[in-house]
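Reader: I would like a close look at a single part of this model, namely one loop residue and its backbone and exposure, and after that a careful account of how the remaining features are laid out.

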Amino acid sequence: MTTELTMLLYATGLLILLILVQAMAGIRSKGLMPLANNRDNLGPAEGFHARGLRVVDNHREGLTMFAPIVLVAAVAGVSSPMTVLGAQLFFYSRVAHAGLYLLGVPLVRPLAWAVGLAGTLMVLLATLGLIH
């Protein structure tokens, strides 16, 4: 398996972990039974639980862009130092972003997000043959 596909697999595992973290935060915040019911009168998430929901959504957005590019690169047989670096930047920055988001760290978190986007763009441009 290529490094790019490995990073995609790890990023998917990170999404699963983040979903579990936010689910546990929801149970802790709202209680198991309210979450197990229809949630009509649940009220908005707050604090750590709300950050957990947002980080899951944000990571899902990142994966929505990253995954197809990596899969196209794999099918096309494209793997280069640039695609490897881009994939690694994506994954490791997403780990940092998730931690910063869950901890509520301001200002630095967007930088981690930007590094992840840059990694995605690197894989895209290298797959298109626009950078080497």
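Author: At a relative accessibility of 73%, Leu107 counts as exposed, because the threshold for that class is over 50%. The model is a predicted one, and in it Leu107 is found in the loop between helix 4 and helix 5. The backbone of Leu107 also deserves attention, since its phi is near 70°, a positive value in a residue other than glycine. A second case is Arg39, which has a positive phi of about 65° although it is not a glycine, and Arg39 is found in the loop between helix 2 and helix 3.

From the loops one can turn to the surface. Met24, Ile27, Leu32 and Met33 make a nonpolar surface patch of about 410 Å², and the elements that give two or more residues to this patch are helix 1 (3-30) and helix 2 (32-36). Of these residues, Ile27 lies in helix 1, and with a relative accessible area of 32% Ile27 is partly exposed, because that class runs between 20% and 50%.

The charged contacts can be described briefly, as the count comes to 1 salt bridge. Arg60 forms a salt bridge with Asp57, and the closest N and O atoms are 2.9 Å apart. Both Arg60 and Asp57 lie in helix 3, with their positions 3 residues apart in the numbering, about one turn of the helix. Arg60 is partly exposed, at a relative accessible area of 38%, and Asp57 is likewise partly exposed, at 42%.

There remains the interior space. A search of the whole structure finds 1 cavity of 30 Å³ or more, and about 50 Å³ of space lies in the largest cavity. The elements that give two or more residues to the lining of that cavity are helix 3 (47-76), helix 4 (81-103) and helix 5 (108-127). The lining is made by Gly62, Met65, Phe90, Arg94, Trp113, Gly116, Leu117 and Thr120, and the largest share of the lining, 4 residues, comes from helix 5. Sorted by class, the lining of the largest cavity has 4 nonpolar, 3 polar and 1 charged residues.

Key: Residues are numbered from 1 along each chain as its sequence is written. This is a predicted model: local features need pLDDT of at least 70, side-chain atom pairs count only at pLDDT 80 or more; totals for chains, interfaces and linings use all residues. Side-chain values use heavy atoms; hydrogens and water are left out. On a 1 Å grid over the protein atoms alone, a cavity is a set of points where a 1.4 Å probe fits but cannot get out, and a pocket is an open set with protein on both sides within 12 Å along at least five of seven lines; lining residues have an atom within 4 Å of a point. Grid points are joined across faces, edges and corners, and a volume is the space filled by probe spheres set on the points. Ala, Val, Leu, Ile, Met, Phe, Trp, Tyr, Cys and Pro count as nonpolar, Asp, Glu, Lys and Arg as charged, and the others, Gly among them, as polar. Patches are made of residues with over 30% relative accessible area and no salt bridge: like charges are joined within 9 Å, nonpolar side chains (Val, Leu, Ile, Met, Phe, Trp, Tyr) within 5 Å. Accessible areas come from the Shrake-Rupley method with a 1.4 Å probe; for residues, only the protein chains shown count as cover. A salt bridge is a side-chain nitrogen of Lys or Arg within 4 Å of a carboxyl oxygen of Asp or Glu. Buried means under 20% relative accessible area, exposed over 50%, partly exposed in between (1.4 Å probe, protein chains only).
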